[in-house]
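Trainee: Please take one part of this structure and go through it closely. After that, set it against the rest of the chain.

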Amino acid sequence: MKCPRCESTSYRKNGRRNDKQNYLCKNCGKQFLEPAFSRSLETDLLANSNGHTKVSKAETTELSLAKNLPEEKITEKSLDSLSLTLAEQLLQTILSPSWLESAAFSQFIQKIQQKPEINYQLETGISLLLLDAENLKLDINSELFLASVCKYPLQFKMAFANWKNPSIGKQDIELYNRGYQLVHVPEGKNSADAKMIAFGACIVRSYPTVKEILVCSSDGILIHLCNELQNQGLVVYWIRRQGQTLHIENRNTGKLTHYSLTMSTEVPSLEKVVEQIQDLIKNEQDSINTRLHRLTTITSLFQERSNITNKSNHKQPESEEIIPIIDNLSVQSIQEDSAEIPTEKTLDKLLLKIIQDIQIKSPQTQVSVSKLGSELRRITGESPNSIIKKLKLGSSFTKYLKSSSTFTLKASGKEYEVMALLSE
């Protein structure tokens, strides 16, 4: 018999309680009663329960009665009832809040969650980089670009070289700090290449989850390694350096990617360059159109404000010599009409007068819409579009001339030539 608290066997009798012998532990001072069942049965129950099962008083009595029964009376039914009781107690212990919040339960959940992660890694695979450090030097930016080319995560990096060679400098320290496994080879021509080929021949056995290999060296002898890795079902990238450019060749598809070491960026293909130039041209055109639209808006606002100023300080135009008499109209009547232009008829007369004046001064000169509008603005102090809108003759000066029965327009390059129709 042991103390239920400290499991010490050092105890003494300490009176009786409920007609049962009471004991006092000399080690921890715990008082406890003598168990109702034998010590051997108690030991078996504790061993099977792993210290978690708690047996109630009623179950203790039941076990005691079962012990006192003759062997022939212990039936299978009683054993099933005992097993069911123990199972219920075990479930209550497992599902109790104290168990669910325990550290053991947390460790159990973590182990369950780790298994899918391991399966996921086996399914997705990894990439592996083999570097001939004596032939090719990779900085951190180049390495990150190579990692972006791969479809699988780049998890293993190995660098081969004679690290005692002083020409390598402190490259071993730099690569080691970036997570490379450094493989030393003795001095000799193509020693690093030979070690890479020997290692690559059995790489699948060492790394069964590898799917892609990056062979970084410009030595042509490593084409044998690339072919062997392809025969093993791996995707092989052969990285070589020419000048300030890295050439990344996918040996399985033949796709070639270029990376500029000086610019630390991918060198685009001709198709991408043409596409980028087209995008730049389109963006520039959109920008020019936007600026022209804004300039047009500003011009319109300036014209409207100028018209307001001219109306408030309007003076008679000092251009009596420019407007000769036409259709029995005096210069004074033309000026009065041009100052107000109350009707469409008055406007047509003034436009005819302007056309005649221009043709008299320069018979060979073509009267364009813009030139006619400029002369009309100079005389009236108001833009042609504003006059047309004020008289409700249309939305613009050009559209009015097209619809007028007094004038006709003839296309001349990007402009329109204005001509007066002969009256019958």
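Mentor: I start with one asparagine, then move to a valine, the cysteines, two helices and the whole chain.

This is a predicted model, in which local features need pLDDT of at least 70 and side-chain atom pairs count only at pLDDT 80 or more, while totals for chains, interfaces and linings use all residues. Residues are numbered from 1 along each chain as its sequence is written, and side-chain values use heavy atoms, with hydrogens and water left out.

The part to look at is Asn 250, which belongs to strand 9, residues 245-250. Strands here are DSSP runs of E with at least two residues, helices are runs of H or I with at least four, and both are numbered from the N terminus. Asn 250 counts as buried because its relative accessibility is 10%; buried means under 20% relative accessible area, exposed over 50% and partly exposed in between, with a 1.4 Å probe and protein chains only.

The side chain of Asn 250 makes polar contacts a little further along the chain. It reaches the backbone nitrogen of Asn 252 at 2.9 Å and the backbone nitrogen of Thr 253 at 3.3 Å. A polar contact is a pair of N or O atoms within 3.5 Å; within protein, one must be able to donate a hydrogen and the other to accept it, and residues adjacent in sequence count only if both atoms are side-chain atoms. Leaving out residues up to four places away in sequence, Asn 250 touches Val 235, Val 236, Tyr 237 and Lys 255, where contact means heavy atoms within 4.5 Å.

Tyr 237 leads to the next residue. Val 149 touches Tyr 237 and Ile 248, again not counting residues up to four places away. Val 149 lies in helix 6, residues 140-149. Val 149 and Ile 248 are 99 residues apart in sequence, yet their C-alpha atoms are 8.9 Å apart. Val 149 is partly exposed, because its relative accessibility is 24%.

Next come the cysteines. Cys 150 is buried, with a relative accessible area of 9%. Its sulfur is 9.2 Å from the closest cysteine sulfur, in Cys 216, so the two are too far apart for a bond. A disulfide is a pair of cysteine sulfur atoms within 2.5 Å, and by this rule the count is zero. Cys 3 is in no disulfide either, as the nearest cysteine sulfur, that of Cys 28, is 3.6 Å away.

Two helices show how buried residues are placed. In helix 8, residues 191-201, Ser 191, Ala 192, Asp 193, Met 196, Phe 199 and Gly 200 are buried. The buried residues of helix 8 pack against several elements, including strand 4 (126-132), strand 5 (154-161) and helix 10 (223-231).

In helix 14, the buried residues are Val 369, Leu 372, Gly 373, Leu 376, Ile 379 and Thr 380. They cover an arc of only 125° around the axis, so they are on the same side of helix 14; the arc is that of the directions from the helix axis to the C-beta atoms. An α-helix has 3.6 residues a turn, so residues three or four places apart point the same way. After helix 14 comes Gly 381, with a positive phi near 75°.

Last, the whole chain. The secondary structure comes to 16 helices and 13 strands. Of the 424 residues in the protein chain, 31% are buried. Among contacts between residues at least 6 apart in sequence, 51% join residues at least 24 apart.
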